[in-house]
Amino acid sequence: MYRFLLSRQWVILTLVALLLIPTMIRLGFWQMHRYEERSARNELVADALEAKPLPVERLTSPGHTVTTEERYRTVTAEGHFDTDREVVVRRRVNADEEVGFHVLTPFVLTDGEVLLVNRGWIPADGPSQTAFPKVPAPPSGQITVSGRLMPDETTEASGIKDLKGLPDRQVMLINSEREAGRLGAQVLGGYIVQTAPEPKGDVPELIGKPGEENAPLNYAYALQWWLFAAGVPIGWVILARREARERGAAAAVPEESAPAVV
C-alpha cells in the first residue's frame with residue numbers, strides 16, 4: 001500500500017524533510033542564544049543606568065578602555081568647557097532620523113586632564129558641508145557636568161568609516177586617543193554623553209537613553225522554528241496517508257465498474 005514511498009518523488013521529499021528538521025532545530029537554538037544575549041545586555045544597561053553616579057575619575061583615566069560593565073554608567077566631573085578646541089562629529093542622526101552633527105567639546109578637569117563631552121545633536125543647516133556649523137555655547141566658568149560613560153568609537157564596533165581629508169574641526173569617530181594627540185593633553189579614556197546641565201535652548205539636543213533590545217522577539221522566533229521542526233514529520237505523515245488513500249481509491253474504481261461474470 002505504501003510502496004509509492006520508494007518512488008523518486010517521495011524519496012526526494014523524505015530527504016528534504018530529514019534535512020529540514022535538524023536545520024530548524026539549530027535555528028531555534030540560535031534564536032534562543034540571541035534571546036539570552038539580548039536579555040543579558042538589557043539587564044547590564046538597566047543596571048548601569050540605575051547605578052549611583054560616580055566621579056568620572058573613579059571609572060576612567062588616560063589610556064583606559066571603557067569596559068562593557070562601565071558603559072552607560074552615570075558619572076560626574078568638575079571643570080570648564082574648552083570651546084576653542086571643540087569639534088563636531090559628522091553624519092549623526094537625532095531621534096527623528098534627521099542627519100546632523102554631534103558636538104564634541106573638551107572639558108578640562110580641575111587637575112588639568114581632559115574629558116570628552118558629547119553635548120548632543122545639532123542640525124546640519126550650515127551654508128555648506130565644509131563650513132563649521134553654528135554651535136550654541138555651553139555654560140561658562142567652573143561647572144559640574146553629568147553624563148553616561150561610553151567607550152571610544154572604532155570602525156570595527158560602529159561600522160562608521162573613518163574618512164580622511166575632512167574639513168577643519170570635523171571628525172567621523174569619537175576617539176579619546178586620537179583627540180589626545182590633537183589636543184596635546186591627557187585625555188580620559190572614552191567619553192560621556194551629557195545629561196546635565198541641560199541646554200537653555202532647543203539645541204544641542206541631548207541624546208536620549210539607549211533603547212531596550214527586543215529580546216522577546218528572538219524567544220518567539222525560537223519557538224516558531226521548533227514548531228516548524230515538529231510540523232515537518234506531521235506534514236509528511238499526512239501527505240503520505242492522503243496519497244495512500246487516493247491510490248487505494250483509484251485502484252478500486254476498475255473493480256467496481258467491471259461487468260459481472262454470469
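**Exercise 1.** What pattern does the protein chain follow when read along the sequence?

*Solution.* Keep in mind that this is a predicted model. Start by counting elements: the protein chain has four helices and eight strands. Then read along the sequence, and the pattern comes out as α-β-β-β-β-β-β-α-β-α-β-α. Next, look at the overall spread: the radius of gyration is 31 Å, well over the 18 Å that the globule rule gives for 262 residues, so the protein chain is more spread out than a compact globule. Finish with the C-alpha trace, which spans about 120 × 45 × 30 Å along its principal axes.

**Exercise 2.** Work out how strand E2 is paired, and follow threonine 76 through its bridges.

*Solution.* Begin with strand E1 (residues 54-55), which runs parallel to E2 (residues 74-81) and is joined to E2 by two bridges. Here proline 55 has threonine 76 as its bridge partner. Now turn to strand E6 (residues 143-150): its pairing with E2 is antiparallel, over six bridges. Threonine 76 appears again, with serine 146 of E6 as its partner. Lastly, strand E4 (residues 99-109) pairs with E2 in the antiparallel sense over three bridges. One of the E2–E4 partnerships links phenylalanine 81 to phenylalanine 107.

**Exercise 3.** Find which residues form a nonpolar surface patch with Leu15, and place Leu15 in its helix.

*Solution.* First locate leucine 15: it sits in helix H1 (residues 8-50). Then add the partners: Val11 and Leu18 join Leu15 in the patch, and together the three have about 270 Å² of accessible area. For the wider setting, the protein chain exposes about 16100 Å², with carbon and sulfur atoms supplying 57% of it.

Methods
Residues numbered from 1 in each chain as written. Predicted model: local features only at pLDDT ≥ 70, side-chain atom pairs only at ≥ 80, totals over all residues. Heavy atoms only, no water. Patch = residues over 30% accessible without salt bridge, like charges linked within 9 Å, V, L, I, M, F, W, Y side chains within 5 Å. Areas by Shrake-Rupley, 256 points an atom, 1.4 Å probe, with all protein chains shown as cover. Salt bridge = Lys/Arg side-chain N within 4 Å of Asp/Glu carboxyl O. Pairing = 2+ DSSP bridges. Rg over C-alpha atoms; globule rule 2.2 N^0.38 Å.
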